[in-house]
Structure formats: C-alpha cells, structure tokens
Amino acid sequence: MKIICVVKFVPDVDSLVCDVETAAMAGTDFRMILNPDDVCAVAFALGVKASSPDCHVEVVSMGPLSVRPHMEDLLRLAVDRGTLISDPVFDGSDTLVTSAVLGRYIATRPFDCLLTGSRSLDGGSAHVPAQLAETLGLDQMLGIIRIDPQQFDSTRAVFDVEDENTVTTYEMAMPGVLGVTRQSGYKLPYVTLTNMRRDVSDELAVITNQDLGFSETEIGPAGSLTKVVKTYPRTYEKKARHTVGNDEEGISYVFNFLKEKGFL
Amino acid sequence: MKKTCIFQDTEKTENTTDLLEAAERMYGRGQFESHAVLLADSFDPLMGSFHHIIRVARGLVDSYDPRGICDILENLHKENRFDSILIPGTSLGQMIAPRLAKRLGTGLAAGVTDIKKNTDYIEIIRPACAGKILESIVHKGNGPMMMSIRPNAFEYTPGEPLQTVVSTYTEPVNSQSAVKRLHVKKNRQTCDIRDSEVLIAGGGGVKDIFPELYRLADALKGTVAASRKLVDQGIAPRSIQVGQSGKTVSPRLYMALGIHGSMQHLAGLRHIASLISINTAANAPICRLSDIVVQGDARQFIDRLMKKIAAYRSKGNEELT
C-alpha cells in the first residue's frame, strides 16, 4: 500500500509572543513544529508500515527550506520518502494556490491514500485537504478519531468521526483523503539510536516551481484570490476586577455576587 | 440588489439565520436578497427571515456528502449568480466551503468572526495565528465572495417578517461520492456549552481535580467547559473546549478555574456578562477580564463555595438540589 501524508509545519503558537499594541510577533526565531493533527496522520501511517513492511510512506510538505531538518527527522522515523515543495515564488500563496501546487505534485505520484491532519494549529482553516481532494477528484473526510487498521487497504478505509453527540463510522473507497485529529492519539515512534545520526539527505527531494511549471500569475500573491490587508491585536474589555482571597471573606464575596446576579 | 446564498447550519438549523447578520454587515439591512439552502425537512425556524428557502429534495444527496452538496450549491450559483456564499463553519461546512471555492475558482475566508463595510471594499475579519491576532482579508477576482462563518460569531436580530418563497431543488447530483455511513453511535449525552448560561471552565491548573468541576456546575445549574490544555491531555472531551480551536461561548456567567487565559482561549469568549476567575496567579491574563479574581487553590474554592451554597439551600431559601 502507498500512503502519502500531506503535512504542514507551523509556528508553535504557545511559544509565540504577540505585541498587543502592534499585533507583530516578537522576534522571528519562533519554533516551528509539525502541526499536531498532522503528527497523528504520520504516526498512523508509520503504524501501518510497521505491521506491513511493504507499505510505502511518503511525507509531502510545502514550506520554507528552513523546515528541512524537521523533514529529515521524519525520515529517520522510517518514512520512506520526503518531499519538500519549496520556492520563494510560492510565498504569499493562499490555500487555493497551495492546494493547486500540492495537487500538481501529488498527481505525479502513485498513492492509495492521502493522510492529512484535520485542522492546522496556526490558521485553523482546514482548507487545503478539502481543496486538494477537489483538485484530485477524491473524497475527503475530516475529524477522524480512529482508522480501523484491519479495514484499511488500497481499496477502502473504515474510520470513526466524532462530532457533538455521535461517533459515526464511515467507509470510504480508496484512494481518498483522510483528515485525522489529535483526538486519535496516534503517536510517532521514537527514533532508534542507529537512525538518530543517519544521513537522510538522499531521501529528501526538494521540488521547486521549475519542476511544477506554474506561471507567475498563478502562484504567490498574484494567483491568490484573498489578500490579507492588515493584522491587528484583539482587544478585550478590561473590567474593574475585585481580587479576593480564598478565605471566608472571599468566598462570601463570590457567593453574594452569584446571589445578586440570580445564579443561586 | 445583492444576492447572498446561505447554506444551512446542519448542527442547529435555527442558527442559520445568524449568517444573515454577516450578510447585513456587508450590504446593509434590506439591501440584499437572501437564499437559504436546506437539507433538513423542517424549515419553520427560517420562515419569514429569508426571501427564498431552497429545500434539497429528500434522498437527493447524503447529508454527509460534501461533493454532492457542492454540486447543488454550484448549480444554484450558476442559476442565481450570487454575490456571496456563506457557509457555517461546522464540520460539514469546513469540508464544503473549500471544495466549493475551488470549483468556483474564488477565494475563501475561513472562520470569519466580523465584517466591516468600507466605502469601496468589504473587510472580512478572522482570527489568525491561533487566535492571537485578527487579520483583515479582502476578496479579489470576479467570483462570489465566499466565507465560512465561525459558529456563534454573529447574532441576527429579526426585522419585519419577509414573504418567504419556498422551492425544492430536484436536479440529480452528478458527483460520485464513494463514502458510506456504516453506523452511528450516540456519544455520551452532554449539553452543548454554547447553549449554557453558566459555564464552569477548567484549565491546566485543575487537571488533577477536573471531575470536581461537575459538582459545582450541578450546583449552579451550569455546564462544564475546558481549555485546550485539558483537551490535548485527554482529560476533557473536545466537544467542551472553549477557544480558537474549540467553541465560542456567550454565557451569563463564566467561572474560570485554573485557566491562564491565553489569547487562543480568550478568542472563544464573546459577550460574557460575568467572569469569575480562580487562579493561584492573580496576574494571569484572564484575571484582567474578570469581575472577581479569587486568588488561591481551585479545589479549596470549590469545597468552600459548595458548603456555602449547601448551607444557603438547606435553610429553605431554595429547594434542595
């Protein structure tokens, strides 16, 4: 079976510090991490590979060359092939363009299943997997909390999706696009000592627009149909807070507040 | 007159009208023609709010088939040439909106929380960088303006009732979706935190005593909510997560126990009438937005407040709960 995991490296939002006056991010050396939902997608694929050694796992990402070491780390975890689509001409592309770029590359590769995360930690838009599926003419599902490994092969996948009140089991004919969530709990294996320092540079392909052949008007800000015109900080109404201790006086204050407001 | 198409909120049909507020911010009240597209049989809650209700004929498309639903919306757009298409940011909406935008070759703004109309352009506002900042987006190109709207971000105030024209969409769907629903299992029944007037919310500071929050929630006839930290650790279910990657809530009372109040969490708070935070750090960001800050341990706070409430109720001030 051939699995392609389409992943994104995102800023670790917990480490980002935002200047509340200017909405600018303090510093530029924030940590990049593999999007948490995407971690689960790769982890599931590697789980399949561990039990069926014939399984081939490729990880594809679009991003700056600076994520190369992260891609190499994945290759050290038994990912068979890594592909980084990186070219400054893609900078500023919206999701529509991003999915077109990814789609053009993936259409050249053999695969039975595309695994993605459900949502990205930074933008949270969940656009790219759906638009990639549309580009490739495939079905797509997001919010997957479990894929049944016994019913996952090159012809079909059976998986569970959780929503507000239900867990629904679906079957999708493959190839298709499956979006896994963090709730799946799939975890990456640890890197072995032997692999830790293995040179994997040969296993990572870097694809540029020279390989994909988009015109200048199709990509980057020129090809994008949405444009961010400004960013600014959120503002919240500050209240005249009253600080109390966790003692009889403080509890009484809270109690009286709740009574006065009709909560008791 | 502008034409807007609004797809049904499949999780709560009655919330579909809230998207009219988004359309009003773009065009102004009474300045646009509204078309609601519904998969549900019941359209009563929407009568009088929309100019047109288009019901998709029963059996035409599965309610979990984004490709089939996109076929319908694409055809309706060809017939009606909408100026904007608004999709609720539900799980289904998040699969439909990007696909439809791709088909129509138009830009899409996701998770929209506000809209501002300027003299010559419309600013679409959405949280970015996990809710730490807001970004203004403008639409380019000739396609319809497409947005997915964050649930609970807009609230529609009904005006004069309209004469709604109801029609049925019957054209066959061409898309060949290869997804089958095998079975549906009811999850444990929980109240939707978006509907609750009282939320008792826990964060990383109460990870060891999270079940205790249910006692307090019961006493205050409220519902328990959680921050992302607890959800990521598997302590609380995702359905009760407040914040940028969770839900937006507007309760009358929000009691935040052991919640630091990161920007991502605060992004989920909207129109909170009263906020009480219980935190060992009185300078945590959430404390700045609080009416009352109780500085101290959450477990002790719950025990002491529960005792006080129990004593009050045992005196006959209210029936025992």
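A residue counts as buried here if 20 or more other C-beta atoms lie within 10 Å of its own. With that in mind, here is a set of close-up views of a predicted model.

**View 1. Strand β13 of chain B, covered on both faces.** Let's begin with residues 223–226 of chain B, which form strand β13. Which residues of β13(B) are buried on one side, and which on the other? Thr223(B) and Ala225(B) are buried on one side, while Val224(B) and Ala226(B) are buried on the other. Strand β12 (residues 198–202) of chain B runs parallel to β13(B), and 4 bridges join the two. Look for Gly202(B), which stands opposite Ala226(B). To get from β12(B) to β13(B), the chain passes through helix α4 (residues 212–219) of chain B, making a right-handed β-α-β crossover.

**View 2. Helix α1 of chain B, largely enclosed.** This helix covers residues 18–27 of chain B, and 8 of its 10 residues are buried, so the rest of the structure largely encloses it. The buried set includes the charged-looking names you may not expect in such a list, Asp18(B) and Glu24(B). Leu19(B), Leu20(B), Ala22(B), Ala23(B), Met26(B) and Tyr27(B) are buried as well. Just after the helix comes Gly28(B), with a positive phi near 95°.

**View 3. The two domains of chain B.** Domain 1 takes in residues 2–169 of chain B, and domain 2 takes in residues 193–317. Their C-alpha centres lie 33 Å apart. Where they meet, domain 1 of chain B gives 8 residues to the contact and domain 2 of chain B gives 10. The domain 1 side of this contact has 4 nonpolar, 2 polar and 2 charged residues. For the setting, chain B has 7 helices and 16 strands, and 54% of its 321 residues are buried.

**View 4. Where chain A touches chain B.** How many residues does each chain bring to this contact? Chain A brings 68 and chain B brings 76. On the chain A side, the elements that give two or more residues include the helices α3 (95–106), α4 (127–136) and α8 (248–260), along with strands such as β8 (156–162) and β9 (166–173). By class, the chain A side has 29 nonpolar, 22 polar and 17 charged residues. Strands pair across the contact too: β12(A) and β8 (residues 133–139) of chain B run antiparallel over 7 bridges. Within that pairing, Lys227(A) has Val138(B) as its bridge partner.

**View 5. An open sheet with strands from chains A and B.** Follow the 10 strands in order: β11(A)-β5(A)-β4(A)-β1(A)-β6(A)-β10(A)-β7(A)-β8(A)-β9(A)-β11(B), with mixed pairing. Why do β11 (204–207) of chain A and β11 (179–186) of chain B each have one side without a neighbour in the sheet? Both stand at the edges with a single partner strand each, so one side of each is left free of a neighbour. From one strand to the next, the twist averages 30°. Within the sheet, β7(A) and β8(A) run antiparallel and are joined by 4 bridges, with Ile147(A) opposite Phe159(A). Helix α1 (residues 36–51) of chain A lies across β1, β4, β6, β7 and β10 of chain A, at about 145° to β6(A).

**View 6. Backbone details in three loops.** Most residues other than glycine have a negative phi, and most peptide bonds are trans. In the loop between β9 and β10 of chain A sits Pro175(A), and the peptide bond from Met174(A) to Pro175(A) is cis, with omega near 5°. Ala78(A), in the loop between α2 (68–75) and β5 (81–85) of chain A, has a positive phi near 90°. Is Ala78(A) partly exposed or buried? Ala78(A) has 17 C-beta neighbours inside 10 Å, so it counts as partly exposed. In chain B, Arg81(B) lies in the loop between α2 (66–80) and β4 (84–88) and has a positive phi near 50°. Arg81(B) counts as exposed because it has 9 C-beta neighbours inside 10 Å.

Conventions:
Residues are numbered from 1 along each chain as its sequence is written. Chains are lettered from A and ligands numbered from 1 in the order in which they are written. This is a predicted model: local features need pLDDT of at least 70, side-chain atom pairs count only at pLDDT 80 or more; totals for chains, interfaces and linings use all residues. Two residues are in contact if their C-beta atoms, placed from the backbone, lie within 7 Å. Ala, Val, Leu, Ile, Met, Phe, Trp, Tyr, Cys and Pro count as nonpolar, Asp, Glu, Lys and Arg as charged, and the others, Gly among them, as polar. Two strands pair if DSSP finds at least two bridges between them. A residue is buried if 20 or more other C-beta atoms lie within 10 Å of its own, exposed if 12 or fewer, and partly exposed in between; C-beta atoms are placed from the backbone. A crossover is right-handed if, with the strands pointing away from the viewer, the path from the first strand over the helix to the second runs clockwise. Axes are lines fitted to C-alpha atoms, for helices over the stretch in contact, and angles run from 0 to 180 degrees between N-to-C directions. Domain bounds come from an automatic or database domain assignment.
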